[in-house]
Each structure stands twice: as structure tokens, then as C-alpha cells.
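Got the model open in your viewer? Here's a short walk through it, one selection at a time.

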Amino acid sequence: MIEMVSRPYAKAFESFAAGNPDILCLSADLTSSCEIDGFRDRHPDQFLSLGMAEQNMMSFAGGLALAGFRPFIHTFGVFMYRRPYDQLMASIAYPRRKVRMMGFLPGVTTPGGMTHQAIEDVSVMRSIPNMTILETGDATEVESICEAADSIDGPVWCRVLRGSVPRLFDTPIKVGEMRELASGEDVLIVTSGISTEEAMRARAALSRVGVSFRHLHLHTIKPFDAQALLDHIGSVRHGVVTLENHVTEGGIGSLVAETMADAGVGKRLVRLGLKDTYAHGGSRGYLMRHYGLDALALVGGIEKLMGAQFDITEDDLAAARVDEVHSLVKAEAL
């Protein structure tokens, strides 16, 4: 059975930051929602509440970093780049301050609708010089995100999962690397974040109809190892399908497309994600189905790529949501 971990970030951040006076925890009035209320109560000398004033928070964090502190900013991702974009650029990115931006509720992981869903943050951050981008896909990556982010000499943007999070991997994030979760020869699947679990769900059903797929999980989106991706693309027959909890413009689909175009790779690419749309409110499962972000959508993308029809239904995939998710990087059944 898959292990579900409750509030992994709360435990991980406190373990990483407690007792290190250089690390300061900044909150923008969403302290409990970002799982740092316990840290606030137990380590008040390392906690600062900036209120609903994200522009000031960015400039303040840049000043703290200039003074030698390592601020970790916590709020919903959408509030950390749409509102204070100018301050993020001028006070953090341009001077390469060691500010770690922990953005919660990536993509459709919230029922809050457009105002709360960070659906274009990766495309924005990829375009900003000096910025590193990390995204968590399971509990192990959430538990290692603080150490990974703090290893970077410059600003870091993190897409962080909260609440009950599945454990899919045994090993922590290694910045700059990608995880190879399956090593098939027909199609390359590239995913990040919560989309990775959906691709893992589809594996058994695709295997039963004779599709062998290679699966890469990206926890580091920038910097990106283009040559490693090209080597994987060269190892499959038909091409690449990307699946992401983000708009298809500027995210990992664009990253793969740019890499293929720059290298002159002639294989086909199918990009799955939000298609030039905002998402409305609803449960995560409903939104992933409605907007084509789930395992069934991935099967459809592979059918399009290969020009085939597999007759795989949601019933074929439903049982794999918990029991049949397997990966090369986690030896035991999940």
C-alpha cells in the first residue's frame, strides 16, 4: 500500500531550520495554511509575520539576505509572484539574493479557483535570470526541499505540496538531476509534481496493451540537463509526451520542445496540461479529469502520439491510484 504522509513540510522545515539563527521563517498571513504555525509557536525568534503585504515582504527578504540571513518565504505560490513581481525581480532575482520562496498550492491542487491557483508560475520563473526552480512530487521531495533549496547560491522558487502527500521515492532531491522511473522503449513520458503519480498509475494498463514507456520525473526544472533528456529521447521509438500541473506554455512541455528544437530532434511531441485556460473551483481529482491532467488524459496523449487506440478506461486505471504505483527508484511496492 502507498504510504501517505501527513503535513511533511511542517516536520521537515522545523527539523532543518530549528537552532540555525541564520534561517528566518517569513509568513504572509497564511501561516497555518503553509504548515509553519508550529514553527512559529516553538521558535518565535526565527519567525516573522509580514501580513498581506507581499511586495514589502519581497523587498524585506532581499534586505535580510543582504545582511547574511537565509529567509524562507511562505505563502500560496500565486500570491508570491503575481502581486510582488517587480520587487521579486529588483530585490531578489537581479542581485541574486539567497531567498527561498516556498510556494504552496501549485496548479490545480486547490479548489480556490483562479485567484488561488498558480498555473503559470513556472513559465514566469523560467524567464527570470538567476532563478532556480524546484518542484515537489511526493513526501520525500517535500521533506528534502528545504535542504535542496538552501544549497543554491541565489534565489530559489519552490512548488510545495501540503497536507496528505504520498511517498513515491526513497531518495531526496538532487538539484540538477532527473529521476528515471521506468525504462521502456516506445514512448518517453516527462512529468513533474502531482502529474508524476498520474503517469505511474497508467503504467500497468499501458503495459497490458503492449506499450513500453520510459518515464522521467523532473524535480529540478531550472537548471535543466538538456543532454540527459536528449539521450532519453534517442532511446525511444515514437517520441515524447509531457504532462504537467501547469499551462502548456512555458512549463515543462515548452522546456522539452525547446530542447528538441535546439538539437534538431525530429520526433513527435505531445504536450498535456492546461490549454490556454484558467481552472475553476473543484476537487483536485475533478479538475485533473476536467482539464486533461490525469492518467486517462496521458493514455489519450500516448494514443495520439502512436496513432493507436488502446481502449483503456478509467476503470482500468482506478485501482492503480493506491495499490499499483511502482517505480524504479522505490524498490518495494507502494
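Start by selecting residues 195–208 and 295–306, which are helices α8 and α12. This is a predicted model, and in it the two helix axes sit 8 Å apart and make an angle of about 60°. An angle like that is neither in the parallel nor in the perpendicular range, so α8 and α12 count as oblique to each other. Check the handedness while you're here: α8 crosses α12 in the right-handed sense.

Now show side chains at this contact. From α8, bring up Glu198, Ala199, Arg201, Ala202 and Leu206; their counterparts in α12 are Ala295, Leu298, Val299 and Ile302. Colour them by class and you get 7 nonpolar residues, 2 charged and no polar ones.

Keep α12 on screen and add the sheet it packs against. What order do the strands of this open sheet run in? Reading across, it goes β9-β11-β10-β13-β14, 5 strands with mixed pairing. Select 179–183 for β9 and 268–274 for β14 to see the edges: each has a single partner strand, so one side of each is left without a neighbour in the sheet. Look along the sheet and the twist averages 15° from one strand to the next.

Zoom in on β13, residues 239–247, next to β14. The two strands run parallel and are joined by 6 bridges. For a landmark, pick Thr242, which stands opposite Arg271 in β14. Then bring α12 back into view: the helix touches β10 (187–192), β13 and β14, and its direction makes about 155° with that of β14.

Next stop, the other sheet. This one is open too, with 7 strands in the order β3-β2-β4-β5-β7-β6-β12 and, again, mixed pairing. Its edge strands are β3 (47–49) and β12 (220–222), each pairing on one side only. Here the strand-to-strand twist averages 20°.

Inside this sheet, select β4, residues 70–76, together with β5. They pair in the parallel sense over 5 bridges. Label Phe76 and you'll find it opposite Phe104 in β5.

Stay on β5 and turn on the side chain of Arg100. Which residue does Arg100 pair with in a salt bridge? The partner is Asp150, and the closest N and O atoms are 3.0 Å apart. Asp150 belongs to helix α7 (residues 139–150) and Arg100 to strand β5 (residues 100–104), so the salt bridge ties together parts that are 50 residues apart in sequence. If you feel like hunting for others, a search of the whole structure turns up 23 salt bridges.

Go back to the edge strand β12 and follow the chain onward. Pro223 sits in the loop between β12 and α9 (226–233). Turn on the backbone atoms there, and the peptide bond from Lys222 to Pro223 shows up as cis, with omega near 5°.

Carry on into α9 and add α10, residues 252–263. Their axes come within 10 Å and cross at roughly 80°. That angle falls in the 65 to 115 degree range, so α9 and α10 are roughly perpendicular to each other. At the contact, show Ala226, Leu229, Leu230 and Ile233 from α9 with Val256, Thr259, Met260 and Ala263 from α10. The split by class is 7 nonpolar, 1 polar and no charged residues.

For another helix pair, select 54–66 and 85–93, that is, α3 and α5. What angle do their axes cross at? Roughly 5°, with the axes coming within 8 Å. The two helices are therefore roughly parallel to each other. On the α3 side, display Gln55, Met58, Ser59 and Gly62; on the α5 side, Gln87, Leu88, Ser91 and Ile92. The tally for this contact is 3 nonpolar, 5 polar and no charged residues.

Last stop: jump to Arg7, in the loop between β1 (3–6) and α1 (8–17). Check the backbone torsions there: phi of Arg7 is near 50°, a positive value in a residue other than glycine.

How values were computed:
Residues are numbered from 1 along each chain as its sequence is written. This is a predicted model: local features need pLDDT of at least 70, side-chain atom pairs count only at pLDDT 80 or more; totals for chains, interfaces and linings use all residues. Side-chain values use heavy atoms; hydrogens and water are left out. Axes are lines fitted to C-alpha atoms, for helices over the stretch in contact, and angles run from 0 to 180 degrees between N-to-C directions. Helices (H or I, at least four residues) and strands (E, at least two) are DSSP runs, numbered from the N terminus. Angles under 35 degrees count as roughly parallel, over 145 as roughly antiparallel, 65 to 115 as roughly perpendicular and the rest as oblique. A crossing is left-handed if the near helix is turned anticlockwise from the far one by less than a right angle, and right-handed if clockwise. Contact means heavy atoms within 4.5 Å. Ala, Val, Leu, Ile, Met, Phe, Trp, Tyr, Cys and Pro count as nonpolar, Asp, Glu, Lys and Arg as charged, and the others, Gly among them, as polar. Two strands pair if DSSP finds at least two bridges between them. A salt bridge is a side-chain nitrogen of Lys or Arg within 4 Å of a carboxyl oxygen of Asp or Glu.
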